Amino acid sequence: MQSLADQLTQLTPEELIQLTSGADFWHSKALPDRHIPNFRMSDGPNGLRYQAGSGDALGINESVISTCFPTASAVACTWDPELISEMGRAIGHEARSLDVDMVLGPGINIKRNPLCGRNFEYFSEDPFLAGMIGAAWIKGLQSTGAAACLKHFAGNNQENDRLLSDSLIDETALHELYLEAFRIAVQTAHPEGIMCSYNKVNGTYASDNSYLLTEVLRHQWDFKGTVVTDWGALNDKVASLNAGGDLEMPSSANMFDPEALKALNAGKLKAAALRRAAGNVIQTAEKKRPAFTGEREALLAEDGRLAQKIEENAAVLLKNDDQILPIRPDQKLLVIGQMAAATRYQGAGSSHINPPEKSTILDGFKKAKMPYDYQPGYAFSRENDDQLAADAVAAAKDAQTVLVVVGLPESAESEGFDRPNMKLPANQNQLIDRLAAVTPNLIVLLVAGAPVELPWRSQVKGLINLYLGGQFVGDAAVNLLTGKANPSGKLAESYPISYQDVASADLYDRNPQSAAYAESVYVGYRYYDKANQPVAFPFGFGLSYTTFQLSDLSLDQSQIQADQALNATVTVTNTGDRDGAEVVEVFVGNSADSPLKPLKELKGFQKVFLKAGQTTSVTITLPAHAFSDWNDQQQAWQLPAAHKTVLVKIGSDQSQLTAPVDVRGQSLPKKELPDWYVNPVGKPTLADFTTMSGLTVQPAITAQPGQYTRLNTPRELGTHSALIRKITSILKNSMTKGIADPESSEAKFMETIVMDTPLIRLAQQSGGKLSLTLVNKLVAIANRHYFKGIFDR
Ligand code: BGC
């Protein structure tokens with residue numbers, strides 16, 4: 001067989017360029033005359049969204065049946081890499097059973113703010129947990145021969161305006177928080193692909209960002225795979241290839257190929273960069289991937305059981321006063337809530353799965369043959385709300401135990417847009433208040449892919465957070481309620497009391513074109529801990545039906561030097577009368593006066609299963625990296641000279657054991673920073689952010705006629721032009737045609753794809769239907785170069 005270098009030498013410049021442009025919505029380009037095959041991509045990450053043929057993704061919900069696993073925010077709460085590796089493996093087999101080569105997942109972005117519409121698709125606010133769970137998923141998937149495409153690299157932490165936003169992130173937060181999960185996943189699991197995100201990072205689009213794609217990814221992390229653009233995220237083909245991008249997806253009908261050829265001839269597109277990109281695409285396409293040889297039906301049945309098991313290990317028991325849970329299987333419950341009959345089990349957008357089977361919570365009760373009465377209590381549509389609530393309250397007066405199922409409606413959680421606030425629908429909160437007034441025995445099941453405010457939490461005895469639990473959430477919920485499954489999930493993110501408690505609350509989504517990450521590293525528990533800000537439920541927390549005790553922390557050495565590791569050993573005992581699993585969580589602590597350093601950061605964990613009464617010893621290794629800081633000047637992690645601590649706790653008990661560590665690294669000059677970055681109380685200011693980071697925040701500008709470019713969205717271009725509004729409304733109607741419910745997340749997602757995508761990006765994804773000429777004309781109309789005065793307003 002020919003070497004890759006020989007193959008590349010024989011290709012013409014045109015062919016090399018063609019290889020870097022997708023062939024359709026899901027395939028790379030094949031060159032049959034050169035015996036170069038294509039490769040097929042399909043969405044992940046909580047199942048396989050396989051659209052038959054070259055499908056152009058219109059009708060995002062049309063896809064072949066596959067297993068719907070719990071979404072990432074639930075998956076991370078398992079704190080169980082081995083189990084999540086099984087999930088990756090299962091998705092890999094499903095992919096190979098349909099000849100899919102690359103699965104677009106997992107998504108690993110840090111949950112900077114609870115309102116991000118896509119948080120249900122991401123793992124955690126903590127990079128170590130996100131990185132380790134993501135790596136496990138990738139290893140499992142790639143063990144089947146399918147390739148993973150880790151996404152969305154990088155700084156993609158909001159959905160509103162995701163194609164226009166510029167994430168301004170200081171170097172410490174960038175490396176220690178936002179890139180760290182990617183680094184862990186790349187270096188431990190070696191994904192074959194990585195997807196660059198839509199947004200800019202510090203002024204440069206991720207697709208054109210040579211610092212991210214070459215310096216960090218390829219040089220610092222030694223990534224050997226293929227960089228694929230998010231769908232329509234390519235900004236400038238020449239800049240992207242030069243910067244380290246390989247494959248433009250989906251096909252833009254070769255919109256930019258002529259320009260790339262010209263640039264190559266003029267020496268502006270580097271020949272070596274083009275060869276690297278084409279070579280990476282060829283390598284991915286030519287890789288021999290074993291076929292799946294089993295029965296697809298049997299595979300789906302097995303994976304369905306795995307999906308349920310993962311949910312049973314993910315759901316988080318947040319409250320259990322008076323041990324109201326577990327309920328006895330013969331104990332008759334009054335079940336209240338429309339969510340019990342129409343239980344959400346996934347979020348909306350490109351991760352949407354069509355499962356072969358599913359169970360609502362009421363289905364779960366029926367299947368388990370458990371007695372229950374049911375009252376809807378509220379309706380998502382809010383029709384007959386008063387009557388529904390009154391009936392539920394009347395029934396609750398006579399019931400011994402009441403189970404209320406609440407959560408976010410389907411239209412709240414989607415790719416493409418953020419939530420407007422952190423609240424549950426008001427009718428659900430009011431219902432719980434009214435129920436609490438008539439019965440003390442309330443258990444709540446929460447169904448939502450991201451944190452919500454829980455104003456009634458002190459009025460209920462039991463609370464289980466199911467997140468979005470996959471296709472068999474109903475069966476899993478019933479097993480958890482009855483104790484057939486003992487809850488062992490621990491929160492992978494903090495639950496603030498109210499949205500205003502979030503460090504980024506005042507800045508998030510206010511000025512996307514210059515989105516200052518002013519809180520820097522103080523995200524999630526890194527902020528709440530140091531700001532002394534109480535939360536409803538902390539990161540890492542989760543109860544069990546049994547009790548555990550942690551004791552005897554010892555370190556095998558009390559100091560650490562570069563290239564060394566230390567072992568922390570603890571004893572965990574199941575002190576209750578049921579078998580169960582607990583998570584040992586190991587943090588490294590910093591002194592309170594350290595600038596840009598949280599009080600503690602997660603650096604190790606292990607889930608352990610213990611029989612009632614059993615004791616075990618757990619040893620967790622902390623490499624020097626766990627004690628290191630990012631040194632931007634050296635572009636490397638560096639061990640400081642510092643006094644740090646190892647802190648160990650378990651999920652069900654917030655008290656911690658500590659041991660000091662003398663960190664023997666290099667002494668670095670202390671940076672003078674605004675006080676907020678030492679002592680982050682209240683909210684950061686933009687002025688302090690600029691002083692700390694050196695990054696300049698631009699004021700928000702609304703373009704006016706005369707200033708529009710191809711990077712403006714139809715919504716923006718239509719502000720002053722009735723004609724543009726007319727044209728875009730025709731386009732919007734054609735995209736949302738076939739969607740029955742105009743209020744559904746699918747309709748809202750499609751609307752935002754049309755209205756909030758820069759015009760040039762829409763053209764890139766239109767498969768040639770929206771030409772460059774038309775794009776330029778529309779911009780000219782919006783700028784009033786044509787039809788001046790006729791269609792204005
Ligand atoms: C999403 C990606 C997804 C791609 C293909 C994009 O809009 O951001 O996560 O993989 O579409 O469906």
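**Around the ligand, and further out**

In this predicted model, arginine 49 has a side-chain N or O atom sitting 3.3 Å from an oxygen atom of the ligand. That makes a polar contact, meaning a pair of N or O atoms within 3.5 Å (within protein, one must be able to donate a hydrogen and the other to accept it, and residues adjacent in sequence count only if both atoms are side-chain atoms). Tyrosine 198 also has a side-chain N or O atom by a ligand oxygen, at 3.0 Å, and for aspartate 43 the value is 2.5 Å. The protein covers 95% of the 310 Å² of accessible area that the ligand has on its own; such areas come from the Shrake-Rupley method with a 1.4 Å probe, and for residues only the protein chains shown count as cover.

The model being predicted, local features need pLDDT of at least 70 and side-chain atom pairs count only at pLDDT 80 or more, while totals for chains, interfaces and linings use all residues. Residues are numbered from 1 along each chain as its sequence is written, and side-chain values use heavy atoms, with hydrogens and water left out.

Back at the ligand, 14 residues surround it, and the closest are Asp43, Arg118, His152, Asp230 and Glu415. To count as near, a residue needs one heavy atom within 4 Å. This shell splits into seven charged, five nonpolar and two polar residues. Here Asp, Glu, Lys and Arg count as charged, Ala, Val, Leu, Ile, Met, Phe, Trp, Tyr, Cys and Pro as nonpolar, and the others, Gly among them, as polar.

Now for helix α22, residues 745-755 (helices are DSSP runs of H or I with at least four residues, strands are runs of E with at least two, and both are numbered from the N terminus). Eight of its 11 residues are buried, so the helix is largely enclosed by the rest of the structure. Buried means under 20% relative accessible area, exposed over 50%, and partly exposed in between (1.4 Å probe, protein chains only). Phe749 and Met750 are among the buried ones, and the buried set packs against α20, α21 and α23.

Serine 628 lies in the loop between β23 and β24. It is buried, at 8% relative accessible area, and its side chain reaches the backbone oxygen of alanine 624 at 2.9 Å. Serine 628 touches residues including Lys597 and Trp637, where contact means heavy atoms within 4.5 Å. Lysine 397, in helix α15, is exposed at 54%.

Definitions and conventions: Lists of a residue's contacts leave out its neighbours within four places in sequence.
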